[in-house]
Amino acid sequence: MMEKKAPKRIATAILNSLKGGVVPRVGLEYIAVGRKSEIDALLHDVSIIEDGGAAFRFIVGRYGSGKSFLLQTMRNYVMEKGFVVIDADLSIERRLSGTKGQGISTYKELMQNMSTRTKPDGGALPLILERWISSIQSEVAASTGLSPDDSGFDEAVRSKIYSTVNELEGMVNGFDFARVILFYWDKHKFGDDQGKAKAVKWFRGEYSTKTEAKNEIGVNFIINDDNWYDFIKLFATFLVNAGYKGLLVMIDELEAIFKIPHRITRQYNYEKILTMYNDTLQGKVKHLGIIMGGTPQCIEDTEKGIFSYGALRSRLAEGRFSTVEHRDLLAPIIRLNTLSYEEMLVLIEKLAILHSDLYDYQMKISESELLAFLKIEYERIGADTHITPREIIRNFVEVLNIMYQSADKNMIDIISDGEFVFAKDETSEESLYDEFADFEV
């Protein structure tokens with residue numbers, strides 16, 4: 001049972017997302033079930049990042065197995081902890097490397113989705129810059145006794161900003177990053193919103209030529225396909241200086257790289273992954289975490305997958321002693337096992353409660369009906385190897401919708417019609433309870 005009722009807007013977002021086969025970005029705490037070991041392993045990474053280290057993980061699972069759900073759960077958790085999160089799904093247009101702007105397209109998506117606890121839906125960069133400047137102004141006022149109206153206040157703030165960004169200048173492309181920070185401050189000082197927008201445009205990689213950037217902000221340099229990852233590292237350092245705990249990068253749908261038809265192009269993308277992996281594990285970056293999600297095929301295929309790139313295969317291959325029962329969750333790859341029958345039972349009960357709260361009706365689904373639904377789902381042909389939580393959840397939400405619209409029918413009536421057919425003729429509540437008597441909710 002849930003301890004608190006979800007607001008209707010969140011319940012609507014959850015159920016609509018799940019019915020559409022996608023993971024909701026809000027309200028996951030109302031339906032979270034299982035994955036304790038995996039979450040504990042990732043939370044260990046979070047503590048390392050907060051302490052100034054770095055981490056890199058692959059989350060691997062079949063389509064619909066829950067990897068995107070796990071990523072979103074971690075996203076929401078670390079934002080509450082004071083981290084900044086950027087996330088993107090790879091596609092034909094968005095890759096890690098490319099000759100036609102695919103790399104910078106991924107960077108733009110990451111920057112567009114920059115999120116914090118107070119701005120969880122993306123677009124947080126301007127807010128972060130404003131908050132940082134405000135905090136520096138407060139520090140200067142407290143340390144010098146000057147007020148914003150005093151003649152020396154702005155210069156003192158500029159000096160403080162410069163000393164703060166001085167650390168960035170020693171990093172790759174850090175000099176230009178620092179110059180744009182100072183440009184933003186100058187425009188902020190005079191209330192020039194258009195000038196500030198130009199600086200944000202540069203940080204987001206939206207200038208297409210150096211000439212354009214030179215004319216608008218005085219910097220003869222732009223973020224492009226070749227250097228965008230350098231700016232991810234710069235942002236990790238800058239964000240900590242701005243008062244955040246660190247930066248977490250989430251990149252899903254690695255299948256987009258696996259599906260690239262040209263071997264050389266795939267290799268360039270895998271080389272970018274190798275660079276990121278080496279940087280984090282060798283301690284070359286601070287306060288940065290990277291999590292990538294993909295299917296087993298896009299990882300393990302030795303012809304087109306990540307394992308086709310020898311340097312990555314040698315680093316990521318499992319040792320001799322890791323098994324399904326005894327997994328090494330400290331390894332770079334976390335493989336998701338299917339949720340257990342008991343966990344799925346708890347999950348669909350939570351969804352039933354959420355649905356009844358949203359539509360203001362008394363939930364009358366018995367435990368035996370929930371078991372009957374799972375029995376049908378798990379006894380479909382091929383379910384032992386191909387069924388996923390996504391399919392089960394989508395079907396269950398559909399059943400809840402039908403029940404709500406057909407008050408004269410119960411769940412057994414609905415799942416016994418059409419395609420919802422029992423594999424065996426054991427539909428009585430008594431027989432269901434006998435078969436699943438050991439399960440507890």
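This dialogue goes through the nonpolar cores and the pockets of a predicted model.

Visitor: Which residues have the most contacts inside the largest nonpolar core?

Guide: A nonpolar core is a set of buried nonpolar residues joined through their side-chain atoms. In this model the largest such core has 82 residues, and those with the most contacts inside it are Phe58, Trp202, Ile232, Phe235 and Ile273. Helix 10, spanning residues 228-241, gives the most to this core, with nine residues.

Visitor: With which residues is Ile232 in contact, leaving aside its neighbours within four places in sequence?

Guide: Ile232 is in contact with Ile86, Tyr107, Leu110, Met111, Leu247, Val249 and Leu288. Apart from the largest core lies another, of 39 residues, which include Tyr341, Leu345, Leu354 and Phe373.

Visitor: How does one look for empty space, and what lines the largest pocket?

Guide: Rolling a probe the size of a water molecule over the atoms shows where space is left empty. Here the largest pocket holds about 720 Å³ of space, and of the 35 residues that line it, Val22, Val23, Ser68, Phe69 and Gln72 are the closest to its centre. Helix 3 (67-80) gives the most to this lining, with five residues, while the lining as a whole has 16 nonpolar, seven polar and 12 charged residues.

Visitor: Which helix supplies the largest share of the lining of the second largest pocket?

Guide: Helix 3 supplies that share, with seven residues. The second largest pocket has about 400 Å³ of space and is lined by 19 residues, of which Gly27, Glu29, Asn76, Tyr77 and Glu80 lie nearest its centre; by class, its lining divides into 10 nonpolar, three polar and six charged residues.

Notes:
Residues are numbered from 1 along each chain as its sequence is written. This is a predicted model: local features need pLDDT of at least 70, side-chain atom pairs count only at pLDDT 80 or more; totals for chains, interfaces and linings use all residues. Side-chain values use heavy atoms; hydrogens and water are left out. A nonpolar core is a set of buried Ala, Val, Leu, Ile, Met, Phe, Trp, Tyr and Cys residues joined through side-chain atoms within 4.5 Å. Buried means under 20% relative accessible area, exposed over 50%, partly exposed in between (1.4 Å probe, protein chains only). Helices (H or I, at least four residues) and strands (E, at least two) are DSSP runs, numbered from the N terminus. Contact means heavy atoms within 4.5 Å. On a 1 Å grid over the protein atoms alone, a cavity is a set of points where a 1.4 Å probe fits but cannot get out, and a pocket is an open set with protein on both sides within 12 Å along at least five of seven lines; lining residues have an atom within 4 Å of a point. Grid points are joined across faces, edges and corners, and a volume is the space filled by probe spheres set on the points. Ala, Val, Leu, Ile, Met, Phe, Trp, Tyr, Cys and Pro count as nonpolar, Asp, Glu, Lys and Arg as charged, and the others, Gly among them, as polar.
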